[in-house]
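Biologist: Hi, could you walk me through this one? I'd like the overall picture and then a few details.

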Amino acid sequence: MLDLNSRYAYLLWCRDFAETSVLARLDDPRSAPVGFVTGYRRPDSPDTLVVWQVAVDAATRGLGVAGRMLDELVDAVPGVDHLETTITPGNDASERLFSAFAERRDAPLVTSELFSADLLGDDHEPEILHRIGPFAA
Ligand SMILES: CC(C)(COP(=O)(O)OP(=O)(O)OC[C@H]1O[C@@H](n2cnc3c(N)ncnc32)[C@H](O)[C@@H]1OP(=O)(O)O)[C@@H](O)C(=O)NCCC(=O)NCCS
C-alpha cells in the first residue's frame with residue numbers, strides 16, 4: 001500500500017529530486033496529473049535508481065501508465081543500470097508492474113526483506129526489496 005506523506009514532503013521532493021521523478025498527464029499537458037513516480041539515485045550506489053513511490057489515479061489504472069512512467073524515467077536518468085523498490089506482500093499490481101519491467105529490460109529480479117514489520121511498527125506490513133538489474137544493453 002501507498003503511505004501518504006505530507007504535502008511538505010512532496011513539495012520538497014519536487015524541488016530536490018525532480019530529475020529522478022516523473023509526473024503523468026493524459027494528452028493535454030495542462031490536464032490534471034494521473035500518476036507519479038518519486039525516485040532517487042542511491043548515494044552509495046549511483047548506478048541504482050530507487051523508486052520510492054509509484055501511484056496512478058484509480059480511474060486510469062490498467063492502461064500502462066505506470067509501466068510507461070518507469071520506462072521513461074529509467075531511460076532519462078544517465079548511468080543507471082539497476083532499479084530498486086520495495087513492495088508490501090499481496091500488492092499484486094505493483095509486483096506485476098515491476099516484474100513486467102524486469103522482463104522488458106531482460107534483467108534478473110531478486111527479492112529480499114528490507115524492513116520487517118517489527119521495525120516499521122504501526123501494524124505496517126514488511127517491505128520487500130525488489131532489485132532489478134543489470135539491464136540488458
Ligand atoms: C501499482 C500501480 C501504480 C500500477 O499502475 P498501472 O498504471 O495500473 O499499471 P500498468 O497499467 O502499467 O500495469 C503494469 C502491469 O501490472 C499489471 N497489473 C495492473 N494492475 C493489476 C492488478 N490489479 N493485479 C495484477 N496485475 C495488474 C498489468 O497487467 C501490467 O502487466 P503486463 O505488462 O504484464 O500487462 C497502481 O495499481 C496504483 O497506483 N496502486 C496504488 C498505489 C500503490 O500501491 N503503489 C505501489 C506502492 S508505492
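Modeller: Happy to; we can start with the fold and then turn to helices and single residues. This is a predicted model, where local features need pLDDT of at least 70, side-chain atom pairs count only at pLDDT 80 or more, and totals for chains, interfaces and linings use all residues. Residues are numbered from 1 along each chain as its sequence is written, and side-chain values use heavy atoms, with hydrogens and water left out.

Biologist: Great. How many helices and strands are there in the protein?

Modeller: There are 4 helices and 6 strands, arranged along the sequence as α-β-β-β-α-β-α-β-α-β. Both are DSSP runs numbered from the N terminus: helices are H or I with at least four residues, strands are E with at least two.

Biologist: What radius of gyration does the protein have?

Modeller: The protein has 15 Å, which agrees with the value near 14 Å for a compact globule of 137 residues. That radius is taken over C-alpha atoms, and the globule rule is 2.2 Å times the number of residues to the power 0.38. The C-alpha atoms fill a box of roughly 40 × 40 × 30 Å along the principal axes.

Biologist: And what share of the residues counts as buried?

Modeller: 39% of the 137 residues. Buried means under 20% relative accessible area, exposed over 50%, and partly exposed in between, with a 1.4 Å probe and protein chains only.

Biologist: Let's zoom in on α2. Which of its residues are buried?

Modeller: V65, A66, G67, M69, L70, D71, L73 and V74. They pack against β1 (22–25), β2 (33–42), β3 (45–56), β4 (82–87) and α3 (92–104), where a contact means heavy atoms within 4.5 Å.

Biologist: What about the span of α2?

Modeller: Helix α2 covers residues 65–76, and its end C-alpha atoms are 16 Å apart, which agrees with the 16 Å that 12 residues should span at 1.5 Å a residue. The expected span is 1.5 Å times one less than the number of residues.

Biologist: Now α3, please. What do its buried residues pack against?

Modeller: Against β3, α2, β4, β5 and β6. The buried residues of α3 are S94, L97, F98, A100, F101 and A102. The 13 residues of α3 should span 18 Å, and its end C-alpha atoms are 18 Å apart, which agrees.

Biologist: What follows α3?

Modeller: D106, with a positive phi near 55°. D106 sits in the loop between α3 and β5 (109–115), and counts as exposed because its relative accessible area is 62%.

Biologist: Where does D123 lie?

Modeller: In the loop between α4 (117–120) and β6. D123 also has a positive phi, near 60°, and is exposed at 80% relative accessible area. For background, most residues other than glycine have a negative phi, and most peptide bonds are trans.

Biologist: Speaking of peptide bonds, is the one from G133 to P134 cis or trans?

Modeller: It's cis, with omega near 0°. P134 is in the segment after β6 (127–132).

Biologist: Last one: T38, buried or exposed?

Modeller: T38 counts as buried because its relative accessibility is 6%. T38 belongs to strand β2 and, leaving aside residues up to four places away in sequence, touches W13, T20, S21, V50, V51, W52 and Q53.
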